Protein chains: 2
Amino acid sequence: MSTRRARPTIRDVATQAGVSMTTVSAVVNSKGRVDPATRERVLTAVSEVGWRPRRSARALRSGQTGVFAMCLPVGHVGVGDWLVNAEYDMALVAACAAATVDSERQLLVAPRPKDVTDLVRLDVDGVIIADPREGDQALTVLNNAGVPAVTIDRDVQRTDGWWVETDNEGSTMQVLDHLAERGARRIALVTADAPWAWFEDTSAAYERWCAGHGVKPLVRLIDVERPRATAAAGVRGLLRLKNPPDAIFAIPYGTPLGALDAIVESGRSVPGDVLLAGGMDGQLMQGSSPPITAVDLRPLEMARAAVDLLARRVNGEQAAGPVVVETALRIRASTAGRETPLTSREPATRPAGRRR
Amino acid sequence: MSTRRARPTIRDVATQAGVSMTTVSAVVNSKGRVDPATRERVLTAVSEVGWRPRRSARALRSGQTGVFAMCLPVGHVGVGDWLVNAEYDMALVAACAAATVDSERQLLVAPRPKDVTDLVRLDVDGVIIADPREGDQALTVLNNAGVPAVTIDRDVQRTDGWWVETDNEGSTMQVLDHLAERGARRIALVTADAPWAWFEDTSAAYERWCAGHGVKPLVRLIDVERPRATAAAGVRGLLRLKNPPDAIFAIPYGTPLGALDAIVESGRSVPGDVLLAGGMDGQLMQGSSPPITAVDLRPLEMARAAVDLLARRVNGEQAAGPVVVETALRIRASTAGRETPLTSREPATRPAGRRR
DNA sequence: TAGCCGTGCCGAAAGGTTTCGTCAAAGAAG
DNA sequence: CTTCTTTGACGAAACCTTTCGGCACGGCTA
């Protein structure tokens with residue numbers, strides 16, 4: 001006749017099964033020795049009384065919360081911001097969540113606080129920071145408080161080994177080689193001048209590739225706030241050169257579309273007159289006409305690697321250097337070359353379907 | 001000379017400040033009466049010893065974890081799945097996180113477990129379920145365990161008032177009226193036959209609108225697994241009719257692009273020959289050529305409302321009926337009518353910029 | 001002066017779980 | 001028949017914070 005049974009505790013389970021709390025604990029944690037028959041009794045008692053563990057009590061006792069936090073990059077408040085590749089970030093979040101669950105943990109998503117010192121009050125076992133800014137204060141704060149952290153993408157000012165990154169140099173070389181193989185003689189780079197490793201690495205690799213092939217670099221910088229429009233402007237300029245490029249590698253998300261705008265506007269065609277490749281894959285690349293060849297940055301693998309790395313750091317392991325994830329070039333019609341037929345290398349479609 | 005100071009507790013703060021633990025607690029929680037001078041001493045002691053509260057101890061004592069969980073819709077494992085509007089989901093997650101933080105809580109993201117009963121072991125104060133499936137088992141499980149839950153979007157089989165939804169009927173009427181005003185005489189609907197309230201509501205509203213205007217409904221259903229391709233096929237069929245539509249309202253994300261494919265392929269133009277509107281806004285709509293008029297489903301507002309609603313439910317309030325969020329029609333070139341000049345009603349650009 | 005009240009602070013218990021040390025009983029070895 | 005070992009189980013402390021009741025003290029009223 002009780003109005004509303006209080007949530008049962010391990011003690012209720014113990015009395016129900018006729019054993020001590022210690023034994024119940026041993027059973028549910030698969031620790032210590034316990035008679036198979038007793039174990040059976042305890043397990044049925046658990047489901048009879050409907051007990052489920054309180055994470056707070058466990059955490060208090062063990063000193064570990066069993067929670068990782070993921071600090072989202074800033075700017076995630078507006079839909080329709082061209083700078084955001086929400087697919088990439090969503091993939092990151094979903095994959096981090098899946099990976100933490102696989103390691104018996106939970107994932108907290110935390111917007112970046114106005115005051116970075118609030119990060120430490122999250123009171124979690126570790127923090128994953130996506131897209132750290134240059135010399136990120138958040139990392140200093142976390143380090144001082146002794147909170148383990150790893151980043152997704154390298155903070156250009158940091159040298160500890162606790163981050164995961166893509167092989168930006170390798171992917172750049174791969175794209176340039178691919179363009180050359182498809183007949184490009186003069187490849188321009190459209191990128192941004194911002195303090196992110198992604199930009200720095202790709203630019204450096206481009207310079208090196210050009211030097212190695214004895215050609216002069218041809219670079220246009222865009223405004224990261226308005227990638228599509230400024231990329232279009234930059235490419236318009238390129239196409240008016242006496243010796244215009246016959247291929248364009250556009251890095252920041254959105255810029256390949258700007259480049260395409262300018263190319264079409266000039267009366268040229270892709271891939272007929274100009275080959276076009278993007279630095280970051282996504283729906284915009286697949287859905288454009290023609291579809292645009294782009295680098296798949298492998299957010300899923302990045303996320304898994306980050307969670308693994310953080311788990312290792314939490315366990316007290318020493319830094320073993322950054323984890324490098326290999327990228328994959330998704331070849332599409334925009335680089336259907338003049339010398340080689342197009343081979344589509346789209347990944348196999350995923351099993352689970354979904355609406356919308 | 002201690003190798004590594006253990007994390008300080010409230011007791012360390014107390015001794016440092018020369019007061020009791022009770023007083024420290026009173027200070028950090030702004031409860032009870034404490035002399036201003038004492039308060040000052042305690043606060044400096046807190047920062048001196050670097051104390052930060054342990055959420056687990058608090059939670060154990062108070063019986064509330066201070067955590068909400070958000071259960072992501074399935075299917076979020078692959079980038080590049082056309083069915084997923086990652087922007088929408090990312091906005092949902094980010095906004096939920098922001099809202100929970102505003103209410104002094106934390107947000108857990110939880111992939112939908114294979115076994116729904118695992119949901120209950122999250123041990124959180126409440127759960128937000130995005131995109132519930134028809135007669136969602138997860139809700140039954142949570143209800144039975146007494147875990148408060150709300151959903152984002154209505155579960156067609158449920159009648160308790162604990163969900164937030166968009167005004168699907170209103171937005172459909174708005175779109176149809178807009179198309180008519182821009183000169184459409186015969187509007188076709190491209191949608192899916194799936195058990196989601198979004199589809200059911202819009203279809204019903206379309207039928208009603210048609211009846212009200214004395215025109216015959218013209219509907220094509222697509223396969224939610226391949227929205228773009230099947231939408232293109234459907235629209236191809238429509239355009240071959242003796243009396244083809246002069247406007248198309250395509251609901252599931254991706255289908256407006258399929259419609260556009262078919263229209264262009266048939267030698268017609270948008271908006272010259274056919275007006276085109278989409279049921280869900282996103283980058284794909286903005287970035288297409290021409291940009292496509294679409295319904296902004298307001299994920300940010302949905303998320304905030306969901307968190308508020310869940311907070312109310314956790315506090316024991318009674319259901320006050322579902323929360324309905326008004327949508328907004330984003331008018332673009334694809335419905336630049338023949339009778340009225342185009343008025344752009346794009347939302348103002350967001351302040352914070354971001355790369356990529 | 002006696003009684004009362006408000007202020008500022010404290011002691012101790014409680015909340016649910018894990019773990020350490022202990023213990024009884026039963027079997028094995030001498 | 002001892003003594004030792006193994007097995008299976010238990011009691012109680014500890015983890016950190018909040019809260020309830022209470023206490024001492026100074027000032028006020030009657």
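Contact here means that heavy atoms lie within 4.5 Å of each other. With that in mind, this briefing looks at a predicted model in three parts: the protein surface around DNA strand C, which 24 residues surround, an open sheet of six strands in chain B, and the surroundings of the residue B:A130, which is buried.

**The surface around DNA strand C**

- Among the 24 residues that surround DNA strand C, the closest are A:I10, A:R58 and A:R61 from chain A, together with B:T23 and B:T38 from chain B.
- Helices of both chains take part, since at least two residues of the surface near DNA strand C are supplied by each of α2 (21-28) and α4 (55-62) of chain A and α2 (21-29) and α4 (55-62) of chain B.
- Sorted by class, this surface near DNA strand C consists of nine nonpolar, eight polar and seven charged residues.
- Of the atoms of DNA strand C that lie within 4 Å of the protein, 62% are part of sugar or phosphate, while the rest belong to bases.
- Two residues of chain A approach phosphate oxygens of DNA strand C: a polar side-chain atom of A:R58 lies 2.5 Å from one, and a backbone N or O atom of A:I10 lies 2.6 Å from one.
- A base is approached as well, for an N or O atom in the side chain of A:T22 is 3.4 Å from a base oxygen of DNA strand C.

**The six-stranded sheet of chain B**

- The strands of this open sheet follow the order β7-β6-β8-β9-β10-β12 in chain B, and their pairing is mixed.
- Because β7 (219-222) and β12 (328-330) of chain B stand at the edges and have a single partner strand each, one side of each is left without a neighbour in the sheet.
- On average, and with direction ignored, neighbouring strands of this sheet are turned by 20° against each other.
- Strands β8 (residues 247-250) and β9 (residues 275-278) of chain B run parallel and are joined by four bridges, and B:I248 has B:L276 in β9(B) as its bridge partner.
- Helix α8 (residues 197-213) of chain B packs on the sheet, where it touches β6 (187-192) and β7 of chain B, and its direction makes about 160° with that of β6(B).

**The surroundings of B:A130**

- B:A130 belongs to strand β3 (residues 126-130) of chain B, and with a relative accessible area of 3% this residue is buried.
- When its neighbours within four places in sequence are left aside, B:A130 is in contact with B:M70, B:C71, B:P73, B:L92 and B:I152.
- B:A130 and B:R154 are 24 residues apart along the chain, and their C-alpha atoms are separated by 9.4 Å.

Notes. Residues numbered from 1 in each chain as written. Chains lettered and ligands numbered in written order. Predicted model: local features only at pLDDT ≥ 70, side-chain atom pairs only at ≥ 80, totals over all residues. Heavy atoms only, no water. Near = heavy atom within 4 Å. Polar contact = N/O pair within 3.5 Å; in protein donor to acceptor, adjacent residues only side chain to side chain. Nonpolar A, V, L, I, M, F, W, Y, C, P; charged D, E, K, R; others polar. Pairing = 2+ DSSP bridges. Axes fitted to C-alpha atoms, helices over the stretch in contact; angles between N-to-C directions. Buried < 20%, exposed > 50% of the residue type's maximum accessible area, 1.4 Å probe, protein only.
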